[in-house]
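Visitor: I have a structure open and would like to learn how to read its helices, its sheet and its pockets. Could you take me through them?

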Amino acid sequence: MTIKQFKRKDAVRVMNWCKRNVGLNNRRKYLPSLEWHSSSYDKDCGDYDFEDNIMSVYKNNHTSVVEIISTIIHEWAHYKQSTKKYYEYDTIYNYQDNPYEIQANELADLMKWKCKRDLFR
């Protein structure tokens with residue numbers, strides 16, 4: 001599968017995979033909604049809005065399908081994290097050193113290939 005072939009429905013499949021394999025945030029009543037964009041004004045691949053519980057993915061800012069999968073898993077990690085703690089860390093650390101960003105990157109690196117194998121053989 002190529003980036004061009006990867007559609008919103010595929011991103012939803014990855015989110016459902018995350019639900020089963022990464023787990024839910026029991027502090028939230030709802031799963032995150034997905035905003036699927038062609039690209040963003042900057043080079044961001046994705047972001048998670050803690051207040052509105054929205055995961056945004058910028059498809060064309062990725063270089064591979066595995067990178068899209070990684071972004072979704074990374075943003076899912078943020079959905080599971082404490083909003084209060086994230087913003088507390090955000091005032092202490094720069095983006096790369098924020099413990100929650102490190103945790104999200106490690107989770108995505110650990111699980112992206114398993115997700116790809118499970119969903120997109």
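Guide: Gladly! Let us start with helix axes: each axis is a line fitted to C-alpha atoms over the stretch in contact, and angles run from 0 to 180 degrees between N-to-C directions. Keep in mind that this is a predicted model.

Visitor: At roughly what angle do the axes of α1 and α4 cross?

Guide: Helix α1 (residues 8-21) and helix α4 (residues 99-119) cross at roughly 115°, and their axes come within 11 Å. The crossing is right-handed.

Visitor: Which residues make the contact?

Guide: On the α1 side, look for R13, V14, W17, R20 and N21, and on the α4 side for M111, K114, C115, D118 and L119. By class, the contact of α1 with α4 has five nonpolar residues, one polar and four charged.

Visitor: Now the sheet. How should I think about strand pairing?

Guide: In a sheet, strands pair through backbone hydrogen bonds, in either a parallel or an antiparallel sense. Here, three strands form an open sheet in the order β1-β3-β2, with mixed pairing. β1 (33-37) and β2 are the edge strands, each pairing on one side only. On average, neighbouring strands are turned by 15° against each other, direction ignored.

Visitor: In which sense do β1 and β3 pair?

Guide: β1 and β3 (residues 54-58) pair in the parallel sense, over five bridges. To find one on screen, start at H37, whose bridge partner in β3 is Y58.

Visitor: Which strands does α1 touch, and which does α2 lie across?

Guide: α1 packs on the sheet and touches β1 and β3, its direction making about 145° with that of β1. α2 lies across β1, β2 and β3, and runs at about 20° to β2.

Visitor: And how do I look for pockets?

Guide: The idea is to roll a probe the size of a water molecule over the atoms, which shows where empty space is left. In this model, the largest pocket has a volume of about 330 Å³. Its lining counts 19 residues, with C45, G46, H74, E75 and Y95 nearest the centre.

Visitor: Which element gives the largest share of that lining?

Guide: That is α2, with six residues. Elements giving two or more residues are β2 (46-49), α2 (65-80) and α4. The lining divides into six nonpolar, six polar and seven charged residues.

Note on methods:
Residues numbered from 1 in each chain as written. Predicted model: local features only at pLDDT ≥ 70, side-chain atom pairs only at ≥ 80, totals over all residues. Heavy atoms only, no water. Helix = DSSP H or I, 4+ residues; strand = E, 2+ residues; numbered from the N terminus. Left-handed = near helix turned anticlockwise from the far one by under 90°. Contact = heavy atoms within 4.5 Å. Nonpolar A, V, L, I, M, F, W, Y, C, P; charged D, E, K, R; others polar. 1 Å grid on protein atoms, 1.4 Å probe; cavity = no way out; pocket = protein on both sides within 12 Å on 5 of 7 lines; lining within 4 Å. Points joined across faces, edges and corners; volume = space filled by probe spheres on them. Pairing = 2+ DSSP bridges.
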